[in-house]
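The exercises below ask you to work from the coordinates towards a picture of the fold, and each task is followed by a solution in steps. Please attempt each task with the structure open before reading on.

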Amino acid sequence: MDKIYFSTDEQIRLLRSRGMTIANTASAKLVIDLENYYNLINGYKQPFLDSTYSGSDEQYLAGTKFEELYSLYSFDRELRNLFIRYILELENNVKSVVAHDFSGKYGHDNYLKIANFDTSVKKWEKITTAQKIGAISSLISSLHHEIARQLSKNNPMISHYMLEYGYVPLWVLVNTLSLGTIGIFYSYLKQKDQNDIGRHFLLKPEEMNSFLQVLTIYRNACAHDERLYSLKSLRNNMKPNSIRTLPLHGKLGIPVNRSNNPIYGKNDLFAIIIIFKTMLPKKSFDTFFSALKKLTDELATSLCTISLQTIEREMGFPPNWTDISKI
């Protein structure tokens, strides 16, 4: 059936018919007009719905206020602003370390040579050597494409090096590459090079690889204004994409499932906090944590139908999540 257009007044009536309390109609209409009904209501209604209701439509929990739902929506916006700031800090750190380590070993422009990457096939990869070389060639092709794209935009730094020297050093190009591309670049490096780069962050290659993959998913969600608080890092036809289990999971006493995987902090927002704790300088993490705690405390004062713990569970936060600041 076609979706029928509803005016803002009709949307307000619909919400009330489903049990939502709207004390200030004019204020609610302004919010809906500015924020988009679909983004606001459909994106953030789930925690407030009555799961026991068996009618043909949906019903909100008794006492649900429009202001509560809007508070969750606003909280998530501030959450994106907070997380993207520190993801970008990590992104810059990783790019810098990768560029300097690789350039120091192979030269300023040798990131376009297959010989400087690991073409061997690991048992778990289930591909042929030709396919592995093809994947690396695809990465190199994307680097060529990025140089061409930046030249077409008249990027001053890229243009300067290409016109003056005929090449673009990796430490210059890296600033234009996405975190996803940097993650792929790192994953194709030789084992020793992965070890040397990971050592800067006290991480093993398999840990570093999983961190970069999950960070990329959350970075993109923040950049594209997607719902963040309940996001799970799922890719490849809903196949879970999780960070490696770390001693930090054990120190927090996080319970494990039947597969011996922690039930929190693997492919949820708390996994990003674990990454921050592991990779960020202490001062940066402490500042981030204080800002996050302030946001959750403010949300708690705005909720009355549901508890803050309901939202924290959706975020993947264990009950003792604040203990991470003391470890």
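**Exercise 1. Helix α13 and one of its residues**

Task: In this predicted model, decide whether T296 is buried or exposed, and list what it contacts beyond its sequence neighbours.

Solution. Begin by placing the residue: T296 is found in helix α13, which covers residues 282-302. Next, take its relative accessible area, which is 1%; because buried means under 20%, T296 counts as buried. Finally, leave aside the neighbours within four places in sequence, and the contacts that remain for T296 are F75, L308, E312 and W321.

**Exercise 2. Two residues of helix α4**

Task: Compare S103 and R85 by stating for each whether it is buried or exposed, and give the C-alpha distance from S103 to L170 and from R85 to P281.

Solution. Start with the location, since S103 is found in helix α4 and R85 is found in helix α4 too. S103 has a relative accessible area of 11% and is buried, whereas R85, with a relative accessible area of 53%, is exposed. Then turn to the surroundings of S103: not counting residues up to four places away in sequence, S103 touches H108, L170 and W171. The C-alpha atoms of S103 and L170 are 6.9 Å apart in space, although 67 residues separate the two in sequence. For R85 and P281, which are 196 residues apart in sequence, the corresponding C-alpha distance is 14 Å.

**Exercise 3. Helix α6 from end to end**

Task: Describe what happens at the start of α6, which of its residues are buried, what covers them, and what phi G166 takes just after the helix.

Solution. At the start of α6, look for the side chain of N155, an oxygen of which comes to within 3.0 Å of the backbone nitrogen of M157. Moving along the helix, which runs over residues 156-165, you will find that I158, S159 and Y161 are its buried residues. The cover over these buried residues includes α5 (129-152) and α7 (170-173). Just after α6, G166 adopts a positive phi of about 85 degrees.

**Exercise 4. The largest pocket and helix α9**

Task: Characterise the largest pocket by its volume, its lining and the class of its lining residues, and then examine the buried side of the account for α9.

Solution. The volume of the largest pocket is about 930 Å³. Its lining comprises 29 residues, and those that lie nearest the centre are W124, E125, S187, N209 and Q213. Sorted by class, the lining has ten nonpolar, eleven polar and eight charged residues. To assign the lining to helices, note that α8 (179-187), α9 (191-199) and α10 (205-223) each supply at least two residues, and that α10 gives the most, with seven. Within α9, the residues D193, Q194, D196, I197 and G198 are buried, and what covers the buried residues of this helix includes α4 (66-106), α8 and α10.

**Exercise 5. The protein as a whole**

Task: How many helices and strands are there in the protein, and what percentage of its residues is buried?

Solution. Counting elements gives 14 helices and two strands. Of the 327 residues in the protein, 46% are buried. To judge how the chain is connected, consider contacts between residues at least 6 apart in sequence: 67% of these join residues at least 24 apart. The C-alpha trace spans about 65 × 50 × 40 Å along its principal axes. The accessible surface comes to about 17200 Å², and carbon and sulfur atoms account for 51% of this surface.

How values were computed: Residues numbered from 1 in each chain as written. Predicted model: local features only at pLDDT ≥ 70, side-chain atom pairs only at ≥ 80, totals over all residues. Heavy atoms only, no water. 1 Å grid on protein atoms, 1.4 Å probe; cavity = no way out; pocket = protein on both sides within 12 Å on 5 of 7 lines; lining within 4 Å. Points joined across faces, edges and corners; volume = space filled by probe spheres on them. Helix = DSSP H or I, 4+ residues; strand = E, 2+ residues; numbered from the N terminus. Nonpolar A, V, L, I, M, F, W, Y, C, P; charged D, E, K, R; others polar. Buried < 20%, exposed > 50% of the residue type's maximum accessible area, 1.4 Å probe, protein only. Contact = heavy atoms within 4.5 Å. Polar contact = N/O pair within 3.5 Å; in protein donor to acceptor, adjacent residues only side chain to side chain. Areas by Shrake-Rupley, 256 points an atom, 1.4 Å probe, with all protein chains shown as cover.
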